[in-house]
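Work through the following exercises with the sequence and the model side by side, and try each task before reading its solution.

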Amino acid sequence: MGSLANLLVIVAVVVLVVGRQMRVQRLDTERRFWLLPLILGVLALRDPQIIDHQHTALSATLLAAGLVTTLAMGTVWGWTVRIWRAADGNVMVKGTKATLAAWGGMLAVRIGLYAAGSALGVHQAGSSLMLGMAVLLLVRSLVVNWRARTLEPARATAVLH
């Protein structure tokens, strides 16, 4: 996939994910939350340009630093989501202002890493951003699902006739 196509996929995923995160929604802990990250990861890893072969060590270091940072930011993002159990027993989630701040922080870190790589003459493919997005979404979903499972179960209420 070309760089422009990668960028468009990344922007579309970010708009979709952030838009959904800021609305109240029921969390379906049985859904395949790993599917979109898997697809993004496979698309990213298929790109032979994910590592700049003229600067292999530096390129791999930047990629690894980006992924480690993304792991941390995905964890933070997962903890910024408000989670509660509705009266009907469903688990509900909604992003908060801290969620938006986590996105802003992640973007700032990614821009910083890209700037550092550019200053060092390392070619950075859009597929590295796509791989980072895959890791981010997977980690965030794992954290949110784990937090949802730790909620107290819904209490049964007696119905009086």
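**Exercise 1.** How much area does the protein chain expose, and what percentage of it do carbon and sulfur atoms supply?

Solution. The model is a predicted one, in which local features need pLDDT of at least 70 and side-chain atom pairs count only at pLDDT 80 or more, while totals for chains, interfaces and linings use all residues. Residues are numbered from 1 along each chain as its sequence is written, and side-chain values use heavy atoms, with hydrogens and water left out. With accessible areas taken from the Shrake-Rupley method with a 1.4 Å probe, the protein chain exposes about 9500 Å², and carbon and sulfur atoms supply 67% of this area.

**Exercise 2.** Find in which order the elements of the protein chain run.

Solution. Begin by counting DSSP runs (helices are H or I with at least four residues, strands are E with at least two), which gives 5 helices and 3 strands. Then follow the protein chain from the N terminus, where the order reads α-β-α-α-β-β-α-α.

**Exercise 3.** Describe the surroundings of arginine 110, and decide whether arginine 110 is buried or exposed.

Solution. First locate arginine 110 in helix H4, which covers residues 97-119. Next, arginine 110 is buried (under 20% relative accessible area, 1.4 Å probe, protein chains only), yet has no salt bridge (a side-chain nitrogen of Lys or Arg within 4 Å of a carboxyl oxygen of Asp or Glu). The nearest side chain of opposite charge, aspartate 47, is 12 Å away. Finally, leaving aside residues up to four places away in sequence, arginine 110 touches (heavy atoms within 4.5 Å) Gly66, Leu67, Thr70, Ser128 and Leu129.

Terms used: Buried < 20%, exposed > 50% of the residue type's maximum accessible area, 1.4 Å probe, protein only. Lys, Arg positive; Asp, Glu negative; His and termini not counted.
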